[in-house]
Amino acid sequence: MTRIDSLTQTVVADTESGEPSHMIIAGPCIAETDEQVMETARQLADAGISYFRAGIWKPRTSPDSFEGVGHDALRWLQRVQKEVGLRTTVEVANARHVEMALEAGVDMLWIGARTTVNPFTVQEIADALRGVKVPVLIKNPVNPDLELWKGAIQRILRANVGQVMACHRGFNVYGKSLFRNEPLWEIPIELKRTMPEIPIICDPSHISGRRKYIPEIARKALNLGYDGLMIETHPNPDAAWSDAAQQLTPTAFKELMRHLQWRQHSTDDPSYKEQVAILRNAIDITDADLLQLLADRMELSKRIGALKQENNIVFYQHNRWNAIVEQVQQHATKLDIDPDFVLKLFSLIHLESIDIQGE
Ligand code: PEP
Ligand code: MN
């Protein structure tokens with residue numbers, strides 16, 4: 001039983017009917033027409049999804065972009081419920097959206113990344129939802145600010161709604177990236193560590209921005225024990241009115257689902273437990289060794305720092321840092337350790353060392 005089973009009424013129902021216990025959400029970025037919505041839903045009818053998504057009020061960067069058809073599209077979602085038998089979910093960005101979505105019987109609401117950034121708006125949504133037992137999914141804010149994400153989750157939790165869940169859709173960071181939004185996996189991991197009761201799902205579509213990267217991001221989320229996935233699907237992705245590059249056809253989506261391997265969080269198998277305990281013990285000893293080596297290295301930094309102080313030399317030496325990077329990356333490659341990882345690790349160590357020299 002996953003955590004989501006014990007926490008989400010709707011997902012417990014899934015388990016009873018034999019469907020997967022994790023939460024899978026699929027559907028178009030935006031509901032464009034009645035036909036497009038019904039066509040997507042019909043093609044997803046046998047995909048075993050928990051909710052059919054479709055944005056109808058969409059905050060877009062440019063005023064020239066398609067922002068959804070609004071209230072009238074709620075009728076299309078009602079058709080999906082009645083004629084295809086799928087539960088539905090929409091994005092709400094203010095209290096009026098909440099009222100209209102609830103009145104139309106939408107089964108789950110989600111708060112988008114551009115709304116999570118604004119505490120007044122999140123509070124307005126929380127007030128409109130007070131006491132209504134509807135599940136709510138809260139996407140991470142666009143900026144990499146864990147406290148802001150947690151604040152939004154707390155506001156919705158205090159409104160005493162149904163299940164409250166988080167959705168990781170990546171972060172907007174400065175600079176070039178392979179993906180549309182940087183995953184910064186450490187942030188959702190820290191959310192899970194500090195709010196373990198909140199199930200978390202991943203949105204590989206908005207992280208990747210391009211459909212070819214969706215499988216690798218989805219697999220990573222599953223390896224990290226996420227409780228579900230939200231994936232944008234469109235019958236003709238290249239012709240979609242928004243996010244064309246990142247939507248999958250329902251066929252490609254079903255193919256991906258067939259190949260994903262869901263993992264359990266733990267097992268009672270005694271042999272597994274015994275072997276894991278031995279390896280964890282060995283890791284703890286290695287970690288202690290690593291820390292001792294770091295302490296020794298910092299001690300050397302202090303001595304170099306004193307020498308530089310005496311001679312009035314700047315602590316940061318560009319050539320020396322270049323030499324260290326080259327040396328450790330070459331060494332790492334020989335040891336089969338990722339040189340990019342080693343660069344990140346040594347950047348931290350080097351900065352700390354410079355701080356210590358300056359003390
Ligand atoms: C979406 O899910 O369609 C969407 C706009 O997501 P986000 O809020 O993550 O940008
Ligand atoms: Mn989208």
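## Ligand 1 and its surroundings

A backbone N or O atom of Ala113 lies 2.7 Å from an oxygen atom of ligand 1, in what is a predicted model rather than an experimental one. Two arginine side chains also approach the ligand: an N or O atom in the side chain of Arg53 is 2.7 Å from an oxygen atom of ligand 1, and for the side chain of Arg169 the corresponding distance to an oxygen atom of the ligand is 2.6 Å. Taken on its own, ligand 1 has 290 Å² of accessible area, and the protein covers 94% of that area.

The shell around ligand 1 is made up of Cys29, Arg53, Lys58, Glu91, Trp110, Gly112, Ala113, Lys139, Arg169, His206 and Glu232. Sorted by character, these shell residues divide into six charged, three nonpolar and two polar. Lys58 and Glu91, both among the residues around the ligand, are joined to each other by a polar contact of 2.6 Å between their side chains. Lys58 is placed in the loop that runs between strand E2 (51-53) and helix H4 (74-84), and with a relative accessible area of 11% it counts as buried, because the cut-off for a buried residue is under 20%.

## The manganese ion

Ligand 2 is a manganese ion whose protein donors are Cys29 (SG), His206 (NE2), Glu232 (OE) and Asp243 (OD), at distances of 2.1 to 2.4 Å. Along the chain, these donors follow the spacing C-x176-H-x25-E-x10-D. Cys29 sits in the loop between strand E1 (23-27) and helix H3 (34-44), while Glu232 belongs to strand E8 (residues 228-232), so this pair ties together parts of the chain that are 203 residues apart in sequence. Cys29 and Glu232 are both buried, and for Cys29 the relative accessibility is 3%. Cys29, His206 and Glu232 also appear in the shell of ligand 1.

## Cysteines

The structure holds zero disulfides. Cys202 is in no disulfide, and its nearest cysteine sulfur, which belongs to Cys167, is 7.1 Å away; that distance exceeds the 2.5 Å within which two cysteine sulfur atoms would count as a disulfide. Cys202 is itself buried, with a relative accessible area of 0%.

## The chain as a whole

The protein chain contains 15 helices and eight strands, and its C-alpha atoms fill a box of roughly 75 × 55 × 40 Å, taken along the principal axes. Of the 359 residues in the chain, 46% are buried.

One of the buried residues is Tyr226, which has a relative accessible area of 7% and is located in the loop between helix H11 (214-223) and E8. Between Tyr226 and Glu326, which are 100 residues apart along the chain, the C-alpha atoms are separated by 36 Å.

## Two residues with positive phi

Most residues other than glycine have a negative phi. Asn160, although it is not a glycine, has a positive phi of about 60°; Asn160 is found in the loop between helix H8 (146-158) and strand E6 (164-168), where it counts as partly exposed at 47% relative accessibility. Leu184, also not a glycine, has a positive phi of about 40°, and its place is in the loop between E6 and helix H9 (186-194).

Methods: Residues are numbered from 1 along each chain as its sequence is written. Chains are lettered from A and ligands numbered from 1 in the order in which they are written. This is a predicted model: local features need pLDDT of at least 70, side-chain atom pairs count only at pLDDT 80 or more; totals for chains, interfaces and linings use all residues. Side-chain values use heavy atoms; hydrogens and water are left out. A residue is near a molecule or strand if one of its heavy atoms lies within 4 Å of it. A polar contact is a pair of N or O atoms within 3.5 Å; within protein, one must be able to donate a hydrogen and the other to accept it, and residues adjacent in sequence count only if both atoms are side-chain atoms. Accessible areas come from the Shrake-Rupley method with a 1.4 Å probe; for residues, only the protein chains shown count as cover. Ala, Val, Leu, Ile, Met, Phe, Trp, Tyr, Cys and Pro count as nonpolar, Asp, Glu, Lys and Arg as charged, and the others, Gly among them, as polar. Buried means under 20% relative accessible area, exposed over 50%, partly exposed in between (1.4 Å probe, protein chains only). Donors are N, O and S atoms within 2.8 Å of the metal (3.2 Å for Na, K and Ca); water is not among the atoms, so sites may look incomplete. Helices (H or I, at least four residues) and strands (E, at least two) are DSSP runs, numbered from the N terminus.
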